[in-house]
Amino acid sequence: MPEMPDPTAPPQGSPPQDFPSQDDPPQDSLAWESSGDERLPVLRDTDLGRAKLLPDVDHDGGWLLTLDDTPQSYVDLGDPTHLEFEYTRRLGHLVDALDRPGGGAGDRADGGPGGPGGAVDVLHLGGGALTLPRYLAATRPGSRQRVVEVDGPLLGLVEQHLPWQGPGVDISAEVGDAREALATLALSAPGSLDLVVADVFHGSRTPGHLTSVEFLRLAAAVLRPGGLYAANLADGAPLAFARAQTATLRAVFPQTCLIAEPPVLRGRRYGNILLVGSAGPLPVADLVRRLAGDIFPARLTDGADLAAFAGRTAPVTDATATDSPPPPDGAFSVG
């Protein structure tokens, strides 16, 4: 979160254009709460802004979460393997490509992404509507997942209206700062996780204290050998933030790659960028195959090409870290 829609793309892969209007409702923050079984929009003021849960009128069970009208998450309560946003599909591909204990990741019988694989231990920094944890619980039964979300009222809203617990689902969610939780885990349980996902946005910007070498060293400390770290970021021309984050990732992890749509990498539009790091080999060939099958294919960049992308940009430290740049006007379009 957030998702940066491609203005040239059709509705699929970005928030549908037939969600209810984003016009401000009455001042009563509960005025849009649904009653009974009827699916109505829900409005709630949270610590980080005004959250809205909007039902997808064309898809039963589909809900869009926005924060100050910025798209954050899309959840399909009827099918947790349905990943509407393109960046969540890419994270889903990464989950699917994770080597499971005793073998490689599997595919569904129909050849699509997300076949049941071995259970894994995952830390999600940033919760939103818990789209990826739900997906992982469905595709890798028995996985143990912990979600850390800084916005308590937002987490409560999601738990009340879009509950995630169910038979065989092991997802614990707590309110807290992502870096503090990571630092505590690095001391108490180093080398205990298969995957760390950082998808933290305060509104539309990644907080600076989650962008430094020191932060990434904490993430590396909690990973098992061969475990993966993945960060969802957003940037646009001249891509200074993306280059700096790439240099920072390369300073900590021996194996790295970047995943983004070509127009974003060329600086033609603002969009999501996924950075992945590991101490062991990355499933590059598997990821490339999965990415090529998407409606809006993303490009995977690694090795010398990724080094060239970072160029001479210095890694970010706690002393130099700043929040990610704000999106340009009109970067988000909902309703």
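## A walk through a predicted fold

Let's start with a charge meeting a ring: the charged end of Arg-39 sits over the ring of Trp-63, 5.2 Å from the ring's centre. There is another pairing of this kind to look for, with Arg-243 over the face of Phe-309 at 4.6 Å from the ring centre. Keep in mind that this is a predicted model, and every value here is computed from it.

### The overall picture

Zoom out for a moment. The chain has 335 residues, and 55% of them count as buried. Its secondary structure comes to nine helices and 12 strands. How much of the chain's contact pattern joins residues at least 24 apart? Taking contacts between residues at least 6 apart in sequence, the share is 68%. On the outside, the chain exposes about 13,500 Å², and carbon and sulfur atoms supply 52% of that area.

### Salt bridges

How many salt bridges does the structure hold? The count is 13. Here are three of them, with the N to O distance for each.

| Pair | Distance, N to O |
|---|---|
| Asp-121 and Arg-224 | 2.9 Å |
| Arg-179 and Asp-318 | 2.8 Å |
| Arg-224 and Asp-194 | 2.9 Å |

Take the pair of Asp-121 and Arg-224, whose side chains meet in a salt bridge. This pair links distant parts of the chain: Asp-121 belongs to strand β5 (residues 121–125) and Arg-224 to strand β9 (residues 223–235), 103 residues apart. Is Asp-121 buried or exposed? With a relative accessible area of 9%, Asp-121 is buried, because buried means under 20%. Arg-224, at 29% relative accessibility, counts as partly exposed.

Next come Arg-179 and Asp-318, joined by a salt bridge whose closest N and O atoms are 2.8 Å apart. Again distant parts of the chain are linked: Arg-179 is in helix α4 (residues 178–188), Asp-318 is in the segment after α9 (303–310), and 139 residues separate the pair. Arg-179 is buried, with a relative accessible area of 17%, while Asp-318 counts as partly exposed at 37%.

Now back to Arg-224, since its side chain also meets that of Asp-194 in a salt bridge. Arg-224 lies in strand β9 and Asp-194 in strand β8 (residues 193–198), so this pair ties together parts that are 30 residues apart in sequence. Asp-194 counts as buried, at 18% relative accessibility. Some salt bridges share partners too, and in this way Asp-96, Asp-286, Arg-289 and Arg-290 are joined into one network.

### Rings meeting rings

On to the aromatic side chains, where the count comes to three aromatic pairs. Why is the pair of Phe-215 and Tyr-229 called edge-to-face? The ring centres are 6.5 Å apart and the planes are at 75 degrees, so the pair of Phe-215 and Tyr-229 is edge-to-face; the cut-off for that label is over 60 degrees. Phe-215 lies in helix α5 (residues 213–222) and Tyr-229 in strand β9, so a helix and a strand are tied together by residues 14 apart in sequence. Phe-215 is buried, with a relative accessible area of 1%, and Tyr-229 counts as buried at 2%. Which residues form one aromatic cluster? They are Phe-215, Tyr-229 and Phe-253.

### Strand β1 and its partner

Strand β1 (residues 42–46) is worth a look. Four of its five residues are buried, so β1 is largely enclosed by the rest of the structure. Five bridges join β1 to strand β2 (residues 49–55), and the two run antiparallel. In this pairing, Val-42 stands opposite Leu-53 in β2. A hairpin joins β1 to β2 through two residues.

### A cysteine on the inside

Last stop: Cys-257, which lies in strand β10 (residues 255–260). Cys-257 counts as buried, at 0% relative accessibility. What does Cys-257 contact, leaving aside neighbours within four places in sequence? Its contacts include Leu-249, Leu-274, Leu-275, Val-276 and Leu-282, and Leu-300, Thr-301, Asp-302 and Leu-306 are also among them. You can also compare sequence with space here: Cys-257 and Val-284 are 27 residues apart in sequence and 8.2 Å apart in space, C-alpha to C-alpha.

Conventions
Residues numbered from 1 in each chain as written. Predicted model: local features only at pLDDT ≥ 70, side-chain atom pairs only at ≥ 80, totals over all residues. Heavy atoms only, no water. Buried < 20%, exposed > 50% of the residue type's maximum accessible area, 1.4 Å probe, protein only. Contact = heavy atoms within 4.5 Å. Areas by Shrake-Rupley, 256 points an atom, 1.4 Å probe, with all protein chains shown as cover. Salt bridge = Lys/Arg side-chain N within 4 Å of Asp/Glu carboxyl O. Phe/Tyr/Trp six-rings, centres within 6.5 Å; stacked < 30°, edge-to-face > 60°. Lys NZ or Arg CZ within 6 Å of the ring centre and 35° of its normal. Pairing = 2+ DSSP bridges.
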